[in-house]
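These are my notebook entries on one protein chain. I set down what I looked up and what I found.

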Amino acid sequence: MYFIVLDFLISNCNRDFGNKYGCNQTSMFILGILFGVVNGTSRFLWGHLLDKFGFKILMYTLTILEIISACTIYYTVQYDALYIIMVLIVAACLGGNFCCISPLYTLIYGIEVGPQMYALAGNVMGIAQFSGPILVKFILSSKKDYLIAFLIGGTFCVCKLALLLFFDDTEKIEIDLEERIDKEVDDLNINERLTVDEKMKSNN
């Protein structure tokens with residue numbers, strides 16, 4: 001989860017960064033509204049693409065978009081429309097990461113434990129989210145500017161891209177996930193039937 005620190009970083013500081021470098025207040029107001037809309041609605045698209053292309057291809061796409069954003073967003077701030085587009089790409093990537101990660105926990109830990117582990121990962125998400133403003137404050141206090149912060153976030157994305165090279169084959173993941181879910185659902189149904197039978201026997 002910490003590899004999406006760039007998304008959290010830009011989501012937290014895009015307004016301050018835009019105001020500092022000349023974006024007008026109207027553009028920043030529009031951006032604030034659109035960020036939440038794109039972040040939420042894009043998850044429907046990413047979910048469809050996840051079913052169609054699988055986890056690995058989609059994560060490659062998201063990570064490459066994040067790296068491009070990290071390297072270019074600093075230079076687009078002088079042009080309101082272009083800056084808004086770049087920030088909204090990051091908003092869509094943030095939604096896509098959340099969309100992709102949840103099924104991954106189900107794959108690794110199963111349908112019973114997976115949601116619990118995903119909830120536990122929320123603590124790491126919180127740390128990553130709070131790290132964005134702290135990172136920016138530290139860098140600005142050192143008399144450096146936002147470019148360094150964006151490049152640090154981009155470095156995390158490059159690390160994520162490298163880790164994806166070692167990830168299992170997408171088709172194998174989808175097959176394993178489907179088989180595991182079917183098996184665990186069958187086990188749950190069997191356990192439920194046994195529980196009902198035991199209650200009926202105790203009542204008799």
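Entry 1, terms and model. I count two residues as being in contact when they have heavy atoms within 4.5 Å. I also note at the outset that the model is predicted.

Entry 2, surroundings of V77. With that cut-off I listed the contacts of V77, leaving aside its neighbours within four places in sequence: they are F17, G18, Y21, C23 and Y83. For one of these, G18, I looked up the distance between C-alpha atoms, and it is 6.2 Å from V77. The two residues, V77 and G18, lie 59 residues apart along the chain. I located V77 in the loop between α3 (55-76) and α4 (80-141). Is V77 buried or exposed? I record V77 as buried, because its relative accessibility is 2% and buried means under 20%.

Entry 3, the whole chain. I then turned to the overall fold. I found six helices and zero strands in the chain, so the order along the sequence is written α-α-α-α-α-α. Of the 204 residues, 40% count as buried. I also looked at contacts between residues at least 6 apart in sequence, and 81% of them join residues at least 24 apart. The chain exposes about 11700 Å², and carbon and sulfur atoms supply 65% of that area.

Entry 4, cysteines. A disulfide is a covalent bond between the sulfur atoms of two cysteines. How many disulfides does a search of the whole structure find? I obtained zero. C71 is in no disulfide, and the nearest cysteine sulfur, that of C157, is 9.2 Å away. My cut-off for a disulfide is a pair of sulfur atoms within 2.5 Å, which means that a distance of 9.2 Å does not qualify. I noted C71 as partly exposed, because its relative accessibility is 43%. C159 is likewise in no disulfide; its nearest cysteine sulfur is that of C157, 9.0 Å away. At 37% relative accessibility, C159 also counts as partly exposed.

Entry 5, a surface patch. Which residues form a nonpolar patch on the surface? I found F29, I30, I33, L34 and V37, with about 430 Å² of accessible area together. I looked further at one of them, I33, which is found in helix α2 (residues 25-53). I33 counts as partly exposed, because its relative accessible area is 47% and the partly exposed class lies between 20% and 50%.

Key: Residues numbered from 1 in each chain as written. Predicted model: local features only at pLDDT ≥ 70, side-chain atom pairs only at ≥ 80, totals over all residues. Heavy atoms only, no water. Helix = DSSP H or I, 4+ residues; strand = E, 2+ residues; numbered from the N terminus. Buried < 20%, exposed > 50% of the residue type's maximum accessible area, 1.4 Å probe, protein only. Patch = residues over 30% accessible without salt bridge, like charges linked within 9 Å, V, L, I, M, F, W, Y side chains within 5 Å. Areas by Shrake-Rupley, 256 points an atom, 1.4 Å probe, with all protein chains shown as cover. Salt bridge = Lys/Arg side-chain N within 4 Å of Asp/Glu carboxyl O.
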